[in-house]
Amino acid sequence: MASVVRPNTWVALKLPSGISRVIQIAPNTTISLGKYGSFPANLIIGRPYHLTFELQDKLEGEDFSRLRIVPTTELYAEIFADEVSPGCSTPTAGANEAAIPTTADAEDYTLIDAETGNVVARSNLATAIDETARQTLTQDEIEELKRDGTNAGKDVIAKLLLSHTALDQKTSFSLAKYKLMKTKKYIRRFQVLPMDVANFANWQLEERDSSRILDMRAEMIGLVGCWGNAHYGGEDVFLEDPRASTEQGQEACAAVQEDLLRGRWLVVDDTCGMLVAALAERMGVLNPEYPDSDAEDSALSAAAAETATEESNTADAQPQQQQPDTEMADAQEDDGLHPTNPHNKPRPSDFAIPYSQTNTITVVHAASQPNLSFLNYWGFDHTAPNHPPHPLLSHLLTLSWLQLLQPSLDTSYSTPPLVATQQELAGWKPSRRGNFHRKRRRFARTRHVVDAARAGNFSGLICASTMDPISILKHALHLLAGGAPIAIYSPTVEPLAALADCFSVPRRTAWTSGQVAEIVGKSGEELERWAGSEDFPLNPTLLLGVSIQTSRARRWQVLPGRTHPLMMERGGAEGYVFTAWRAKPAEGRVEAKGKFKRRKTEPGAVAGAAEGDAEEVKAAAEEA
């Protein structure tokens with residue numbers, strides 16, 4: 001991922017209230033932040049991520065707000081001041097009255113330890129009074145201050161604090177929370193964050209429809225990717241172009257080479273592509289590649305830093321002439337900074353396979369086309385016929401369940417490709433010739449994806465779907481290589497509990513002891529493709545280390561001398577992950593072979609070793 005903001009990319013804007021907005025940075029446009037104001041998009045293009053910007057007041061004759069980079073010392077100046085100030089430590093159990101942080105002398109304590117006399121708890125009557133009764137400014141006056149206020153809202157916050165008549169009666173904790181609440185409400189600041197999967201998941205959960213991603217939190221995404229062992233699968237390997245002519249049919253298609261298939265993951269995704277994005281991010285194929293990105297990002301960052309050090313007194317001039325930020329996008333709009341992929345080259349023939357044989361994601365879907373709409377936030381549109389270069393073009397393969405289970409019933413797989421001579425092609429219209437080549441290329445891609453998927457040897461299986469996990473494993477388990485990890489996410493625990501019961505110890509014991517009459521006489525390959533029965537939906541010997549787990553990271557309230565988790569958080573599904581490893585059962589009986597020495601502990605045991613070596617018998621007798 002690029003380290004600076006580039007044109008036409010998606011970013012997340014974190015506002016003071018904690019609400020993130022996901023927008024696309026288009027050059028020469030205006031970005032609106034609602035009540036906080038608006039600013040030109042060119043002002044943040046080329047800037048590094050994770051910077052905090054402040055919207056300044058509009059200058060005379062300008063209809064937009066300029067931006068100021070807030071330094072770190074200013075962001076944390078109040079926190080550093082609180083840390084060095086006395087009386088900010090958290091009270092301990094049994095502390096006396098003087099140790100309780102307070103600025104009021106007239107508070108009524110309500111609970112006192114009868115033995116020691118220490119204050120255990122006190123009433124909160126002073127802070128429980130309605131804040132509107134303590135604030136002398138009316139709502140109309142506050143709105144007027146917001147319209148005429150300066151210094152990016154800090155003057156409004158200062159006047160609110162000065163107009164509060166009972167500010168001296170607040171405890172240090174209550175005062176810090178009050179100032180934090182007013183700062184979040186009135187300060188005009190925002191932070192530019194990169195569009196990674198974690199930020200997108202939080203935005204989708206808090207601001208959008210969480211059911212579209214199955215209530216999948218950022219920590220659950222990390223848990224699924226970790227247990228699924230999704231990682232970089234090696235350098236790209238491409239099949240040679242068969243250079244088939246237009247007169248050749250499917251006999252000229254490039255055959256699947258199973259020895260080249262490695263670093264591949266089988267995925268069932270019902271989260272509109274967010275799970276695919278998470279895996280692609282771990283595999284390094286999610287974000288577009290840029291030519292000389294490191295050197296270019298360094299140059300853009302240096303230019304942005306130089307611009308940030310300029311004095312704000314240049315604001316009286318026209319922005320087109322003396323404001324480099326507003327001209328940045330104009331100079332870069334047509335400079336060729338577009339993603340490139342060296343593997344996406346014009347194919348010399350229709351049957352050339354554009355997919356890599358390594359480091360790929362194979363998505364199995366139930367519809368005619370997969371729903372991967374969320375990949376648009378990373379510059380990839382699966383439905384685009386002529387897509388610009390992107391790493392996912394050669395690393396993302398899709399097929400339907402029908403193509404995986406019964407490919408002969410799928411017309412795009414079973415229908416032979418069109419053939420025509422050069423003389424016939426010359427007599428056709430350009431549109432007909434284009435359709436001819438398009439259908440041949442589609443046949444070659446479909447044939448390769450289906451054959452490669454049915455060949456199996458996948459490095460792992462990762463699912464986040466509303467389908468029954470038992471039905472998924474019934475048709476996908478035999479496609480995994482030995483030792484391949486399995487990670488299945490479900491918003492509820494019941495489907496995963498039923499799946500884990502299929503691999504319980506009693507079922508495995510009954511299976512291996514020969515008590516199942518249906519498996520008598522079947523080979524190992526037939527048992528791996530077990531169709532299932534009422535008592536044994538799946539072969540219980542094909543998975544090891546079955547477990548169900550969950551994880552939830554809670555946010556914390558952090559104030560000087562007081563830290564605790566926030567108890568009032570968003571609800572929704574908890575989310576659970578089923579994990580296991582693919583096992584290859586041994587065929588036949590396992591026997592221990594080798595040379596070993598039998599120890600004799602009794603004199604009578606020497607007679608039983610007559611068939612052994614004479615020297616060993618003599619040594620055993622001497623020991624006895």
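**Exercise 1. Decide whether Phe436 is buried or exposed in this predicted model, and describe the ring that pairs with Phe436.**

Step 1. The relative accessibility of Phe436 is 2%, and a residue counts as buried when this value is under 20%, so Phe436 is buried.

Step 2. A search of the whole structure finds 13 aromatic pairs. One of these pairs joins Trp428 and Phe436, whose ring centres are 5.6 Å apart and whose planes meet at 70°. Planes over 60 degrees apart count as edge-to-face, and therefore the pair of Trp428 and Phe436 is edge-to-face.

Step 3. Trp428 has a charged neighbour as well, since the charged end of Arg432 sits over the ring of Trp428 at 4.1 Å from its centre. A similar arrangement is found elsewhere, where the charged end of Arg264 sits over the ring of Phe458, 4.1 Å from its centre.

**Exercise 2. Classify the aromatic pair of Phe374 and Tyr377, and state which cluster contains these residues.**

Step 1. The ring centres of Phe374 and Tyr377 lie 6.3 Å from each other, with 55° between the planes, and the pair is tilted.

Step 2. Phe374 and Tyr377 are both buried.

Step 3. These two residues belong to one aromatic cluster, which is formed by Trp10, Phe200, Trp203, Phe374, Tyr377 and Trp378.

Step 4. Two members of the cluster can be placed in helix α8, where the buried residues include Phe200 and Trp203. The elements that cover the buried residues of α8 include β2, α9 and α10.

**Exercise 3. Work out the surroundings of Asn539, beginning with its place in the chain.**

Step 1. Asn539 is located in the loop that lies between α21 (524-528) and β15 (543-549).

Step 2. Although it is a loop residue, Asn539 has a relative accessibility of 4% and therefore counts as buried.

Step 3. Two polar partners can be named for the side chain of Asn539: it makes a polar contact of 3.4 Å with the side chain of Trp511, and it reaches the backbone oxygen of Leu527 at 3.2 Å.

Step 4. When residues up to four places away in sequence are left out, Asn539 touches Phe503, Trp511, Leu527, Glu528 and Trp530.

**Exercise 4. Trace the open sheet from edge to edge and find the partners of Ala12.**

Step 1. Five strands make up this open sheet, and their order is β2-β1-β9-β5-β6 with antiparallel pairing. In general, the strands of a sheet pair through backbone hydrogen bonds.

Step 2. The edges are held by β2 (20-25) and β6 (67-69), each of which has a single partner strand, so that one side of each is left without a neighbour in the sheet. On average, neighbouring strands of this sheet are turned by 35° against each other, direction ignored.

Step 3. Strand β1 (residues 9-14) is joined to β2 by six bridges, and four bridges join β1 to β9. Ala12 stands opposite Val22 in β2, while its bridge partner in β9 is Leu193.

Step 4. The hairpin of β1 and β2 has five residues between the strands, and in this hairpin Gly18 takes a positive phi near 90°.

Step 5. Further along the sheet, strand β5 (residues 52-55) and strand β9 (residues 189-194) run antiparallel and are joined by three bridges. Here Glu54 stands opposite Arg189 in β9.

**Exercise 5. Show how far helix α10 is covered, and say what covers its buried residues.**

Step 1. As a background, the protein has 22 helices and 18 strands, and 41% of its 624 residues count as buried.

Step 2. Helix α10 (residues 274-283) is mostly covered, with eight of its 10 residues buried. These buried residues are Met274, Leu275, Val276, Ala277, Ala278, Leu279, Ala280 and Met283.

Step 3. The cover over them includes the helices α8 (197-206) and α9 (218-227), together with the strands β10 (262-269), β11 (358-365), β12 (396-400) and β13 (460-464).

Step 4. Just after α10 comes Gly284, which takes a positive phi of about 80°.

Step 5. For the protein as a whole, 72% of the contacts with a separation of 6 or more are made by residues 24 or more positions apart.

Key
Residues numbered from 1 in each chain as written. Heavy atoms only, no water. Phe/Tyr/Trp six-rings, centres within 6.5 Å; stacked < 30°, edge-to-face > 60°. Buried < 20%, exposed > 50% of the residue type's maximum accessible area, 1.4 Å probe, protein only. Lys NZ or Arg CZ within 6 Å of the ring centre and 35° of its normal. Polar contact = N/O pair within 3.5 Å; in protein donor to acceptor, adjacent residues only side chain to side chain. Contact = heavy atoms within 4.5 Å. Pairing = 2+ DSSP bridges. Axes fitted to C-alpha atoms, helices over the stretch in contact; angles between N-to-C directions.
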